[in-house]
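Here is a brief report on a helix pair, an annotated domain and the cysteines. Please look at the structure first.

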Amino acid sequence: MSGTEGNRAYGRKPFRRSKSHFTDRITADGRDGWPVEAGRYRLVVSRACPWASRAVISRRLLGLEDALSMAITDPVQDDRSWRFTLDPGGRDPVLGIGFLSEAYDAREPEYPGGVSVPAIVDVPSGRLVTNDYQRITLDLATEWTALHRDGAPDLYPARLRDEIDEVMADVYEDVNNGVYRAGFATDQEEYAEACERLFRRLELLTERLGNRRYLVGDTITEADIRLFTTLVRFDAVYHGHFKCNRWKLTENQVLWAYVRDLYQTPGFGDTADFDHIKRHYYQVHTGINPTGIVPLGPDLSGWLTPHRREELGGRPFGDGTPPGPIPEGEEVPVAGRPPEDDTGRGTT
């Protein structure tokens, strides 16, 4: 759902996550009519959105910045959906539009559904190609390989896909989507059921990650990306705003170390914008936060503290290498570091 009317409804009617309506795929063979092609497409994201953040991280890890340009929306929507008010003149400089809904309308006039991110738009036609948040990152990892940087990691290795899919399905149901079911619940029973499932799954993940550095195998995979985008938002918004408050992430020794390990890995923390995250949730979801007040906390100083997860072994990028410098204009403030500190960030 998008726009102020939909946002006011959160917390007042049962929450159901809509399936992606535009599910065309951009593939190496172009079988859906959209072949992989450098410079042809534009990825539209919000840094506030966990579903869009998956694509931001994957794009950076795979080194697709030159091949797939990226548009960043204002974290605060209005009744016309995601808007490009961060750009000069309030229009995306590549697509020439002020609102993502214009690309949706170009694809399907009077489309009745919500306008969601991530979305990939065909630049020449201005038409939306896909808003399939579950598939976009998998295709970036498997269909865009000809355009990957040298040393790009294999985020969806064939030999581990069954296990990755199984882990991701549980994480999606109970964690990624579970925080929303708790936060947008309309009665006590609905909230309690979602909250109980969420923390039960987090406890199972704690056990899984107690003696292994990553969720599947000994390198970062798509499963870690999908869990990270929820965990990095947990204390900042889900604990308070969504009432997922049995404990804070910082109170769970294993998960707090795990998410710090990923945060300190290039491609993760350098794409996470806590200002966008907090302003979006607290200012847009007026159905559950009618004042629009954005909290000052939590304290972000711990994100760069030692995690010691390297003692479990594992190789973040496998046989590959870390991504290079962040492209100009895509930098975000780093939690725990003064803005004037320009020292390099490493990984373990």
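## Helix contact

In helix 5, Glu163, Val167, Asp170, Val171, Glu173, Asp174 and Val175 meet Arg197, Leu198, Arg201, Leu202, Leu205 and Arg208 of helix 7. Contact here means heavy atoms within 4.5 Å. By class, this contact has 6 nonpolar, no polar and 7 charged residues. Nonpolar covers Ala, Val, Leu, Ile, Met, Phe, Trp, Tyr, Cys and Pro; charged covers Asp, Glu, Lys and Arg; the others, Gly among them, are polar.

Helix 5 spans residues 161-176 and helix 7 residues 188-209; they pack at about 145°, with axes 8 Å apart. Axes are lines fitted to C-alpha atoms over the stretch in contact, and angles run from 0 to 180 degrees between N-to-C directions. Helices are DSSP runs (H or I, at least four residues) and strands likewise (E, at least two), numbered from the N terminus.

The model is predicted: local features need pLDDT of at least 70, side-chain atom pairs count only at pLDDT 80 or more, and totals for chains, interfaces and linings use all residues. Residues are numbered from 1 along each chain as its sequence is written, and side-chain values use heavy atoms, without hydrogens and water.

## Cysteines

The structure holds 0 disulfides (a pair of cysteine sulfur atoms within 2.5 Å). Buried means under 20% relative accessible area, exposed over 50%, partly exposed in between (1.4 Å probe, protein chains only).

| Cysteine | Closest cysteine sulfur | Relative accessible area |
|---|---|---|
| Cys49 | Cys244, 16 Å | 9%, buried |
| Cys195 | Cys244, 5.1 Å | 6%, buried |

Cys49 forms no bond with Cys244 because their sulfurs are too far apart. The sulfur of Cys195 is also too far from that of Cys244 for a bond.
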